[in-house]
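Hi everyone, thanks for making time for this. I'd like to walk you through a structure that is new to most of us, so please have a look at the screen.

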Amino acid sequence: MNRPAFEVRYRITLDEYIASQRHGCWRTWRWVALGIAVLLPVGLYEAVVNGEHDSFALIWSVLMGLYLLVFFQFLLPRRARRVFAESKSMHGEQCLQLSDHQVEFSSDSGVYRLPWQDVHKWDEYRGVFMIYPSSAMMVLVPATRIDGAAMAFAKARLADTGLPTAGKVRRK
């Protein structure tokens, strides 16, 4: 059996879960925010200089900006709180074991072993380290409560297997 180089125990908090959900959604919605940043000045220019207050650029950018504000500040945290409350296995103590060949996550619910070369991508955001076995699944690790040497070890293993940069997807 492969002996772990590091073993860490932790609990995931609601705030860490909400932060991970915001970050995951931001990766998708950032392009809409870029569209708002481009079209809003155009729409304002048309409204102020040309007097066109029904400009598509102005109306779209204001409506989408308001939607993103409501989504990220109210809707997404509300849903994340509900999912966190429903997922009782997330509330308990988790154990992370790092070895040269794999990362292992265990809790009262079971054990999940993931070879480093099977990690789809990894990311960090506001003290949360996220390992993605696939584009639809992620495992959260509170990086702020994990030893720095363990985090450096995990990042080194990920880099050795072709994932040196946070947020980049493994190319097959």
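Let me begin with one bit of vocabulary: when I say that two strands pair, I mean that DSSP finds at least two bridges between them. With that in hand, here is a first example: β2 and β3 form a hairpin, with three residues between them. And please keep in mind throughout that this is a predicted model.

Let's step back to the whole chain. What does the protein chain contain in terms of helices and strands? There are three helices and seven strands. If you follow the sequence from start to end, the pattern reads β-α-α-β-β-β-β-β-β-α. As for overall dimensions, the C-alpha trace spans about 75 × 35 × 25 Å along its principal axes. The radius of gyration is 20 Å, whereas a compact globule of 172 residues would come out near 16 Å. Of those 172 residues, buried ones make up 39%. The chain exposes about 10200 Å², and carbon and sulfur atoms supply 57% of that area. One more number for the whole chain: among contacts with a separation of 6 or more, 60% are between residues 24 or more positions apart.

Now to the sheet that holds our hairpin. It is an open sheet of four strands in the order β1-β2-β3-β4, with antiparallel pairing. At its edges are β1, residues 6–10, and β4, residues 110–115, and each of them pairs on one side only. From one strand to the next, the twist averages 15°.

Let's go across it strand by strand. β1 and β2 are antiparallel and share five bridges; in that pairing, R9 has C95 in β2 as its bridge partner. Next, β2 and β3 pair over four bridges, again in the antiparallel sense, with L98 partnered by V103 in β3. V103 also has a bridge partner in β4, namely L114. β3, residues 102–107, is joined to β4 by six bridges, and these two strands run antiparallel as well.

Why is β2 described as largely enclosed by the rest of the structure? Because five of its five residues are buried. Looking at how those residues point, Q94, L96 and L98 go one way from β2, C95 and Q97 go the other way, and all are buried.

On to the second sheet. This one is open too, with three strands in the order β5-β6-β7 and antiparallel pairing. β5, residues 121–125, and β7, residues 137–142, are at the edges with a single partner strand each, so one side of each has no neighbour in the sheet. Neighbouring strands here are turned by 20° against each other on average, direction ignored.

Five bridges hold the antiparallel pairing of β5 with β6, which covers residues 128–134. Within that pairing, E124 stands opposite F129 in β6. On the other side, β6 and β7 run antiparallel and are joined by five bridges. A hairpin through two residues links these strands, and S134 has M137 in β7 as its bridge partner.

So what do the helices do? Helix α1, residues 14–49, packs on this three-stranded sheet and touches β5, β6 and β7, with its direction at about 135° to that of β7. Helix α3, residues 148–160, lies across β5 and β6 and runs at about 145° to β5. α3 also appears at the other sheet: it lies across β1 and β2, at about 115° to β1.

Before I finish, let's visit two loop residues. The first is R126, in the loop between β5 and β6. Is R126 buried or exposed? With a relative accessible area of 66%, R126 is exposed, because the cut-off for that is over 50%. Its side chain makes a polar contact with the side chain of Y125, at 3.3 Å.

The second is S55, in the loop between α1 and α2, where α2 covers residues 56–86. S55 has 4% relative accessibility and so counts as buried, the limit being under 20%. Which residues does S55 touch, leaving aside neighbours within four places in sequence? S55 is in contact with G43 and E46.

That's my tour, and I'm happy to go back to any part of it.

Conventions
Residues are numbered from 1 along each chain as its sequence is written. This is a predicted model: local features need pLDDT of at least 70, side-chain atom pairs count only at pLDDT 80 or more; totals for chains, interfaces and linings use all residues. Side-chain values use heavy atoms; hydrogens and water are left out. Axes are lines fitted to C-alpha atoms, for helices over the stretch in contact, and angles run from 0 to 180 degrees between N-to-C directions. Contact means heavy atoms within 4.5 Å. The radius of gyration is taken over C-alpha atoms; the globule rule is 2.2 Å times the number of residues to the power 0.38. Buried means under 20% relative accessible area, exposed over 50%, partly exposed in between (1.4 Å probe, protein chains only). Accessible areas come from the Shrake-Rupley method with a 1.4 Å probe; for residues, only the protein chains shown count as cover. A polar contact is a pair of N or O atoms within 3.5 Å; within protein, one must be able to donate a hydrogen and the other to accept it, and residues adjacent in sequence count only if both atoms are side-chain atoms.
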